[in-house]
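Visitor: I would like to learn how to read a structure like this one, feature by feature. Could you take me through it slowly?

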Amino acid sequence: QEDLVESGGGLVQPGGSLRLTCTVADYIRNIYTMEWYRQQTGKQRELVAGFPLDGSTKYGDFVKGRFTISRDNAKNTLFLQMNNLKPEDTAVYYCKVVARPDYLKTYWGQGTQVTVSS
């Protein structure tokens with residue numbers, strides 16, 4: 001059983017949309033923060049969007065209003081709605097969760113590939 005499983009990636013044309021889902025295992029309880037990162041080929045992993053501990057939302061500057069992060073607390077699920085996708089959005093997208101099932105832990109998913117191309 002995986003701790004976090006990302007889904008919803010795939011091939012999409014420029015200007016298209018994708019909705020990514022991060023499914024969190026039931027045993028990961030007392031979630032503190034939930035975030036989306038991405039990593040373009042040959043580049044460092046960077047923050048896309050997240051829910052910090054204070055309950056606000058944060059976004060990377062490159063999003064420019066195109067992406068929306070949301071969550072379903074009852075189902076331990078994190079979403080990323082991506083609209084008006086650009087070729088530079090091509091990357092592996094990762095879910096990151098900080099939680100305290102017993103003590104504080106950081107979890108990473110395996111990632112889901114997003115490719116924006118004509």
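Guide: We will go through the disulfide, an open sheet, the nonpolar core and two loop residues, keeping in mind that this is a predicted model.

Visitor: Let us begin with the cysteines; which residues does the disulfide join, and what is the S to S distance?

Guide: In general, a disulfide is a covalent bond between the sulfur atoms of two cysteines. Here the count comes to one disulfide, and that link joins C22 to C95 with an S to S distance of 2.1 Å. Because C22 lies in strand β3 (residues 18–24) and C95 in strand β9 (residues 91–99), the pair ties together parts that are 73 residues apart in sequence. The angle about the S-S bond is -80 degrees, which makes the link of C22 and C95 left-handed.

Visitor: Are C22 and C95 buried or exposed?

Guide: Both C22 and C95 are buried.

Visitor: Turning to the open sheet, in what order do the four strands lie?

Guide: A sheet is read by following its strands from one edge to the other. The order in this open sheet is β1-β3-β8-β7, with antiparallel pairing. The edges are held by β1 (4–7) and β7 (67–72), each of which has a single partner strand, so one side of each is left without a neighbour in the sheet. On average, and with direction ignored, neighbouring strands of this sheet are turned by 15 degrees against each other. At the β7 edge, six bridges join β7 to the antiparallel strand β8 (residues 77–82), and I69 stands opposite L80 in β8.

Visitor: Which residues have the most contacts inside the largest nonpolar core?

Guide: To read a core, one asks which residues belong to it and which strands supply them. The largest nonpolar core has 28 residues, and those with the most contacts inside it are W36, L80, M82 and Y93. At least two residues each come from β3, β4 (31–39), β5 (46–51), β7, β8, β9 and β11 (112–116), while β9 gives the most, with five residues. Leaving aside residues up to four places away in sequence, Y93 touches a set that includes W36, L80 and M82, along with E6, F67 and V114.

Visitor: How many bridges pair β4 with β9, and how many join β4 to β5?

Guide: Bridges are read strand by strand, together with the direction of the pairing. Between β4 and β9 there are eight bridges in the antiparallel sense, and E35 has K96 in β9 as its bridge partner. Five bridges join β4 to β5, also running antiparallel, with Y37 opposite L47 in β5. The hairpin of β4 and β5 has six residues between the strands, and in this hairpin G42 takes a positive phi near 80 degrees.

Visitor: Finally, the loops; where is R66 placed, and where is G8?

Guide: For a loop residue, one reads its place, its accessibility and its contacts together. R66 is in the loop between β6 (58–59) and β7, and its relative accessibility is 8%, so R66 counts as buried. A polar atom of the R66 side chain lies 3.2 Å from the backbone oxygen of F62. Beyond its neighbours within four places in sequence, R66 is in contact with residues including M82, N84 and D89. G8, by comparison, is in the loop between β1 and β2 (10–12), and at 33% relative accessibility G8 counts as partly exposed. Not counting residues up to four places away in sequence, G8 touches L18, R19, L20 and T112.

Terms used
Residues numbered from 1 in each chain as written. Predicted model: local features only at pLDDT ≥ 70, side-chain atom pairs only at ≥ 80, totals over all residues. Heavy atoms only, no water. Disulfide = S-S within 2.5 Å. Buried < 20%, exposed > 50% of the residue type's maximum accessible area, 1.4 Å probe, protein only. Pairing = 2+ DSSP bridges. Axes fitted to C-alpha atoms, helices over the stretch in contact; angles between N-to-C directions. Polar contact = N/O pair within 3.5 Å; in protein donor to acceptor, adjacent residues only side chain to side chain. Contact = heavy atoms within 4.5 Å. Core = buried A, V, L, I, M, F, W, Y, C linked by side-chain atoms within 4.5 Å.
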